[in-house]
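Got your viewer open? Load the model and get ready to click along, one selection at a time.

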Amino acid sequence: MIEIRVPATSANLGLGFDCLGMALTMEASVQFSSSDQLIITGCDKKYQGADNLIYQAYCHGMSYLNQVALPVHIHINSPIPPARGLGSSATCVVAGILAAYGLTGTPVNREEVLKLATELEGHPDNVAPAILGGLTASYQGEKQIYTITYPVHSSYRFAVFIPDFPLETQKARAVLPQQIAFSEAVSNQSQLLCMLESLKQGEGTWLKEVLKDHLHEPYRKKLITEYEQVKKIAERTGAISLVISGSGPTLLAIYQEQVPLAELTAELKQLEHKWDCQELSIETKGAYIC
Ligand SMILES: Nc1ncnc2c1ncn2[C@@H]1O[C@H](COP(=O)(O)OP(=O)(O)O)[C@@H](O)[C@H]1O
Ligand SMILES: N[C@@H](CCOP(=O)(O)O)C(=O)O
């Protein structure tokens, strides 16, 4: 039996659509043991068939390693809610691919794993931090994925607000425009550069000013019921900024020094959608085989 652990991730961080992502201290554990047939436990019944993403990723990894994908028993123990914008699909993909390495005794090559995972996930922003940990920026080149890990100043604190309704990434991508104005693209890239430096230097005042995305958030916030109310709560409680985590509906608030958890919980309780509020830190190790 082997166990794979993979952190949740918050992709985009507002301005870094499809390229930025941050690993968080919320971790999925997936166990693989040999079996005479495919068995999947620890998840909703609708994910227990051969189309399970972890199993598909395991098969993809096995095929890359030129090995036969023998039947396995996959047991999932994950606090990461599916379709909430916390990279649950990336954890499945990374766990399955790492299992192929682990079960065949192949030394893990993280660059290869990142390439295989991006092939399945379609974009590298979640899988890169899930594999490497930290805050990463990635570019999907023709032959390889280029990834840089960025430093984040220790004064920043992160809170996630998770509502009780799902939003599939596919649905949240379908509302994005085919084209945007040239001026908006220019603005986004200038803001992104300033944002990365503000995150590094602990320049909260700058971060507050520059963290205003034009590429996806204006279109997606309409899909997130109570977005405006949660934004007001974040502002009232001193958040520097509030961004959509991944494709939503979870929202990620950035504070400096302290997250007022009790106040947030009391305020969020007044809303209809039972938003769960958790303070999370940046996870720095990335996925591993236990
Ligand atoms: N615990 C789990 N067990 C099985 N499959 C899961 C689990 N969590 C997520 N998934 C897979 O990931 C998909 C959700 O992916 P996606 O819509 O991209 O949302 P997210 O923002 O959570 O990554 C689910 O439809 C399912 O295929
Ligand atoms: N860049 C992607 C990120 C999706 O992240 P997820 O956690 O919602 O799967 C997007 O914005 O579509």
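Start by selecting Gly87 and ligand 2: a backbone N or O atom of Gly87 is 3.0 Å from an oxygen atom of the ligand. That is a polar contact, meaning a pair of N or O atoms within 3.5 Å (within protein, one must be able to donate a hydrogen and the other to accept it, and residues adjacent in sequence count only if both atoms are side-chain atoms). Keep in mind that this is a predicted model, where local features need pLDDT of at least 70 and side-chain atom pairs count only at pLDDT 80 or more, while totals for chains, interfaces and linings use all residues. Residues are numbered from 1 along each chain as its sequence is written, chains are lettered from A and ligands numbered from 1 in the order in which they are written, and side-chain values use heavy atoms, leaving out hydrogens and water.

Stay with ligand 2 and click Asn12, which has a polar side-chain atom 2.8 Å from a ligand oxygen. Now pick Thr169: a polar atom of its side chain is 3.0 Å from an oxygen of ligand 2. The protein covers 98% of the 350 Å² of accessible area that ligand 2 has on its own (Shrake-Rupley method, 1.4 Å probe).

Next, show everything around ligand 2. You should get 15 residues, the closest being Asp18, Asp125, Arg173, Arg220 and Ser247 (a residue counts if one of its heavy atoms lies within 4 Å). Colour them by class and you'll find three nonpolar, eight polar and four charged (Asp, Glu, Lys and Arg are charged; Ala, Val, Leu, Ile, Met, Phe, Trp, Tyr, Cys and Pro are nonpolar; the others, Gly among them, are polar).

Keep Thr169 selected and bring up ligand 1. How far is a polar side-chain atom of Thr169 from an oxygen atom of ligand 1? The distance is 2.6 Å. Add Ser89, with a side-chain N or O atom 2.9 Å from an oxygen of ligand 1, and Ala83, where a polar backbone atom is 2.9 Å from a ligand oxygen. Here the protein covers 83% of the 570 Å² of accessible area that ligand 1 has on its own.

Widen the view: 17 residues surround ligand 1. By class, this shell has nine nonpolar, six polar and two charged residues. Which helix gives the most to it? Select residues 88–104, helix α2, which supplies three (helices are DSSP runs of H or I, at least four residues).

Last stop: Ile131, in helix α4 (residues 124–132). Ile131 counts as buried because its relative accessibility is 4%, and buried means under 20%.

Technical notes: Helices (H or I, at least four residues) and strands (E, at least two) are DSSP runs, numbered from the N terminus. Buried means under 20% relative accessible area, exposed over 50%, partly exposed in between (1.4 Å probe, protein chains only).
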